[in-house]
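Me: I would like to go through this model and ask what each label rests on. Please set the values against the cut-offs.

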Amino acid sequence: MNLTVEPAEQHEAHIIKNLYPLYLHDLSGHYGFTEGTVMNPHGIFEDEPEIRTLAQQYDVQNIWWEKPGILFPFLFKAGSVPAGFALIATPPHCAKGVDFFVNEFFVLLPFRGTGLAAQAALRVFERFAGVWELYTNPATKNITGQKFWRKTVAGYTKGDYHEAVEETFDGTKLVFRFNNGSK
């Protein structure tokens, strides 16, 4: 499978915006409808009841293309087919002492279990050197996600990383931190 992991240009923003509702739907599977991302009365996975359509939700995502050098949207493709995305934030959009934060990471279901997700994550990590942080849901409903990040981060760092359940700006999460600045 020919995987490409490239920054998503403005003319490709619609691809990530089209995948984003699928990502939020996936999150609802391990958070449920009462914690984390919730569905509003209009059938949109969004906290704000004013967002009535996916088109309005698309507008919320524009920030990823409005702050070059600070926010980095990446698009994953398997051949010519979109396979997922990663949204990487830098200060001031991450915790103190963190250089790069994996704000969102998503791979479409048909590509899961193929190794594509781990390859994509490693390629994103290799783009930037510094202190990285990412969160995932610590609940038992998310064992697959936890195992994925544990295996991927441990393999990438050769076991030199921090993992703990911690309080974050987004509630209690399983937090992974590592520094690839010496690579």
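Me: What makes two rings an aromatic pair here, and how many are there?

Reply: The count comes to 24 aromatic pairs. Rings of Phe, Tyr and Trp (its six-membered ring) pair if their centres lie within 6.5 Å; planes under 30 degrees apart are stacked, over 60 edge-to-face, and the rest tilted. The model is predicted: local features need pLDDT of at least 70, side-chain atom pairs count only at pLDDT 80 or more, and totals for chains, interfaces and linings use all residues. Residues are numbered from 1 along each chain as its sequence is written, and side-chain values use heavy atoms, with hydrogens and water left out.

Me: Why is the pair of Phe-72 and Phe-128 called tilted?

Reply: The centres are 4.7 Å apart and the planes make 50°. That distance is within 6.5 Å and the angle is neither under 30 nor over 60 degrees, so the pair counts as tilted.

Me: Which parts does this pair tie together?

Reply: Phe-72 lies in strand 2 and Phe-128 in the loop between helix 4 and strand 5, so parts 56 residues apart in sequence are tied together. Helices (H or I, at least four residues) and strands (E, at least two) are DSSP runs, numbered from the N terminus.

Me: How do you know that strand 6 and strand 7 pair?

Reply: DSSP must find at least two bridges between two strands. Strand 6 and strand 7 are joined by 7 bridges and run antiparallel, so they pair. One of the bridges links Glu-166 to Lys-173 in strand 7. A hairpin of 2 residues connects the two strands.

Me: In which sense do strand 4 and strand 5 pair?

Reply: Strand 4 (residues 100-107) and strand 5 (residues 131-136) pair in the parallel sense over 3 bridges. Phe-101 has Glu-133 in strand 5 as its bridge partner.

Me: What makes the second largest pocket a pocket, and which residues dominate its lining by class?

Reply: On a 1 Å grid over the protein atoms alone, a pocket is an open set of points with protein on both sides within 12 Å along at least five of seven lines, where a cavity is a set in which a 1.4 Å probe fits but cannot get out; lining residues have an atom within 4 Å of a point. The lining divides into 8 nonpolar, 2 polar and 1 charged. Among the lining residues are Trp-64, Trp-65, Phe-72 and Glu-9. Ala, Val, Leu, Ile, Met, Phe, Trp, Tyr, Cys and Pro count as nonpolar, Asp, Glu, Lys and Arg as charged, and the others, Gly among them, as polar. Strand 2 gives the largest share, 3 residues.
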